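Visitor: I'm new to this one. Could you walk me through how to read it?

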Amino acid sequence: MAVLLEVEGLTVDIATARGTLHAVRDVSFSLQSGETLCLVGESGCGKSMTALALMGLLPRAAQRSARRMRFEGNDLAALPERRLAELRGARMAMVFQEPMTALNPAYTIGDQLTEVHRRHKDSTMAVARERAVALLEMVGITNAAARLGQYPHQLSGGLRQRIMIAMSLMCGPSLLIADEPTTALDVTIQAQILRLLVELQRDLGIAIVLITHDLGVVARVAHRVAVMYAGEIVESASAADLFAAPRHPYTRGLMASIPVPGATRPGDRLGVIRGIVPSLIGDVGGCAFRDRCDFAQPVCARTVPVRSDGGHDWRCILGEAVAA
Amino acid sequence: MLIYALKRLGLAVLVAVVVSALAFLLLRASGDVAIALAGEGARSEDIENIRRIYGLDRPLVVQYLDWAAKMARGDFGTSLFFKTDVHALVLDKLPTTALLALFSLIFALAVSLPLGILAALYPNSWIDRLCLALAVIGQALPSFFFALILMIVFAVMLRWLPVSGSDSWAHFVLPTVVLGYYIAPAIMRLVRAGMIEVLASDYVRTARAKGLSSSSVVLKHALRNALVPVVALAAVQLGFLLGGSVVIETVFALDGLGYLAYQSITHKDLPVTQAIVTLLSLIYVGLTLAADLANAWLDPRIRVGSGT
Ligand SMILES: Nc1ncnc2c1ncn2[C@@H]1O[C@H](COP(=O)(O)OP(=O)(O)OP(=O)(O)O)[C@@H](O)[C@H]1O
Ligand code: SF4
Ligand SMILES: [Mg+2]
């Protein structure tokens, strides 16, 4: 498999009234074509900012820098906005968390689907419509041709998210970034959308960066996993390795907080990680997890090296022997 | 859409009836018509006669229905001051005022739409500050004062435009600028606020994620949603321009409805005042209806039900 996306030293700083907020700190990862990478972590750890930085969609107040950001032979960090816009929607596409507000209320589904194809493929309306109908059917929408004339407010959240997914696939991208695509939906719909993503991945060979805070989701879809904490990737490994032998105390804390079917009775207390996420404003310095970590030692306040074991990396002073 | 339009139309008719009744009552309440008609120094006998001849002794409801029926037939009575048919008089002046209002609105939109959009795209930039400064000046400067400045500069000193009158298109330029500049700030601020909100919305982010050109993102995806409140305001402003051009028409001696209203009020010319007030109210109701329909076109959530 070829390397599709390579990110090295990605940093996102946001100017706020109280100082510079370091939302993403020195993040590196790579993705093979056709692979699914899950970004996991608690709310506010910088998952969305990482995704938006890749797409070049950061809010105005955010400042991005990276040593390297290569996608299909393009240097995303150096590309001018005009050239980046040619990749967005065509080669790399994104699906967002909120299907209720992600579609424009003023235009029909058909208009919004065909628009992206006409923009990147220079296609006629007829060709774009045909493609739209085919994709709506692919994402499991019945009566697809009739849906084209409908407006977003006439459709349920689950349907809208399917339409968002269809829209992201209109131009046959090689990378799909899905930022918590199921969080806003109810449980049965969540499972359906997730299954759809897995099927599309298998059938189209598309690479997916799936953002979630749900390790249950990760276990079902991920090839590789990157665990984020306070703007950093603290552990990354293949999904099998990560679940078999989590190394970072934070990852193990997250795993202790997953309900286990059968073993966890409704109402049982889950293993919750004590303490709160540190402020990302100002310099963090040392391990950001040390106030919440049971293994913390004075050296954790200094720069923590990344340890590596095969394809398994983690950022902690503890080696394999101590953490296990 | 048809059902929505019919509902709005029904409502508009209802409002028109209420508004015309109010216009009728307000002017009746402002003084005894019979005394006004009889003129100064009339004997009480004459006043009583007039009351009978004009039917002013009948119940108010009957008088209103009689008046409304006549209005509907285009019979607006005779002017007490000009001694001519009110219908002809008003229709003669209406185009001047309507044109002035329309030009002013177009001028205001041509200025405030692009400036409001630019200010929203670059908040706190020099262009945003310039817009704010223009808006503050526009709202602080009395319109007759602004009119006089323009008149002195462009008509007297530079001699590019006529000072006053209503004989040619050139006569409309200065009044249009003054009136348009007067309403532009409110529209500009609404466009700016609406665009800033919409530009931060999820669907604009989606449009950008699709790689659409910035003109398509701003003009197609953002502007259409930001325009909904602007249409309502523009309709209100147009009504305001129709009614509020009294000062400007008088300053520039532009022979329109506003000037006629001023004359009819100073001469206690009741039929003329009443006709103008009623006509403007009805136009206002019509504008509101037009704004509702325009918004239904802009926002499908208004015109299309949510059935699947
Ligand atoms: N527009 C913004 N202005 C200032 N700070 C922001 C902005 N957007 C996000 N942040 C901050 O950046 C940090 C990272 O946010 P991000 O949205 O990437 O988190 P996340 O991991 O996606 O969380 P969630 O699971 O809640 O979506 C957070 O601390 C957040 O408060
Ligand atoms: S570096 Fe120290 S504080 Fe951080 S996770 Fe490892 S042991 Fe805990
Ligand atoms: Mg997020």
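Visitor: Let's begin at ligand 1: which residues come nearest?

Guide: A residue is near a molecule or strand if one of its heavy atoms lies within 4 Å of it. Of the 14 residues around ligand 1, the nearest are A:Ser43, A:Gly44, A:Ser48, A:Met49 and A:Glu180. Before we go on, this is a predicted model, where local features need pLDDT of at least 70, side-chain atom pairs count only at pLDDT 80 or more, and totals for chains, interfaces and linings use all residues. Residues are numbered from 1 along each chain as its sequence is written, chains are lettered from A and ligands numbered from 1 in the order in which they are written, and side-chain values use heavy atoms, with hydrogens and water left out.

Visitor: How far is a backbone N or O atom of A:Gly44 from an oxygen atom of ligand 1, and what is a polar contact?

Guide: A polar contact is a pair of N or O atoms within 3.5 Å; within protein, one must be able to donate a hydrogen and the other to accept it, and residues adjacent in sequence count only if both atoms are side-chain atoms. For A:Gly44, a backbone N or O atom lies 2.8 Å from a ligand 1 oxygen. With A:Met49 the distance from a backbone N or O atom to an oxygen of ligand 1 is 2.9 Å, and with A:Gly46 it is 3.1 Å.

Visitor: Now the sheet. In what order do the eight strands of chain A come?

Guide: Helices (H or I, at least four residues) and strands (E, at least two) are DSSP runs, numbered from the N terminus. Two strands pair if DSSP finds at least two bridges between them. Here the order is E7-E8-E9-E3-E10-E11-E13-E12 in chain A, an open sheet with mixed pairing. E7 (92-95) and E12 (306-309) of chain A stand at the edges with a single partner strand each, so one side of each has no neighbour in the sheet. Axes are lines fitted to C-alpha atoms, for helices over the stretch in contact, and angles run from 0 to 180 degrees between N-to-C directions. On average, neighbouring strands of this sheet are turned by 20° against each other, direction ignored.

Visitor: Which helix packs on the sheet, touching E3 and E7 of chain A?

Guide: Contact means heavy atoms within 4.5 Å. Helix H1 (residues 47-55) of chain A touches E3, E7, E8 (175-179), E9 and E10 (224-229) of chain A, and its direction makes about 145° with that of E7(A). Helix H11 (residues 249-256) of chain A lies across E10 and E11 (232-238) of chain A, at about 100° to E10(A).

Visitor: How do the strands pair, parallel or antiparallel?

Guide: E3 (residues 36-40) and E9 (residues 207-212) of chain A run parallel, joined by five bridges, and A:Leu37 stands opposite A:Val209 there. E10(A) and E11(A) run antiparallel over six bridges, with A:Met228 opposite A:Ile233. Those two strands form a hairpin with two residues between them, and A:Ala230 in the turn has a positive phi of about 50°. E11(A) also pairs with E13(A), in the antiparallel sense, over two bridges, where A:Glu235 stands opposite A:Trp314.

Visitor: Why is E11(A) largely enclosed by the rest of the structure?

Guide: Buried means under 20% relative accessible area, exposed over 50%, partly exposed in between (1.4 Å probe, protein chains only). Six of the seven residues of E11(A) are buried, so the rest of the structure largely encloses this strand.

Visitor: And which residues touch the most other members of the largest nonpolar core?

Guide: A nonpolar core is a set of buried Ala, Val, Leu, Ile, Met, Phe, Trp, Tyr and Cys residues joined through side-chain atoms within 4.5 Å. In the largest one, with 103 residues, they are A:Leu5, A:Leu76, A:Leu113, A:Ile165 and A:Leu175. Helix H7 (residues 157-169) of chain A gives the largest share, seven residues. A second, separate core of 62 residues includes B:Phe24 and B:Trp67.

Visitor: How many helices and strands are there in chain B?

Guide: Chain B has 14 helices and zero strands. Of its 308 residues, 43% count as buried. B:Thr206, in helix H9 (residues 202-209) of chain B, counts as buried because its relative accessibility is 4%. The B:Thr206 side chain reaches the backbone oxygen of A:Ala102 at 2.7 Å.
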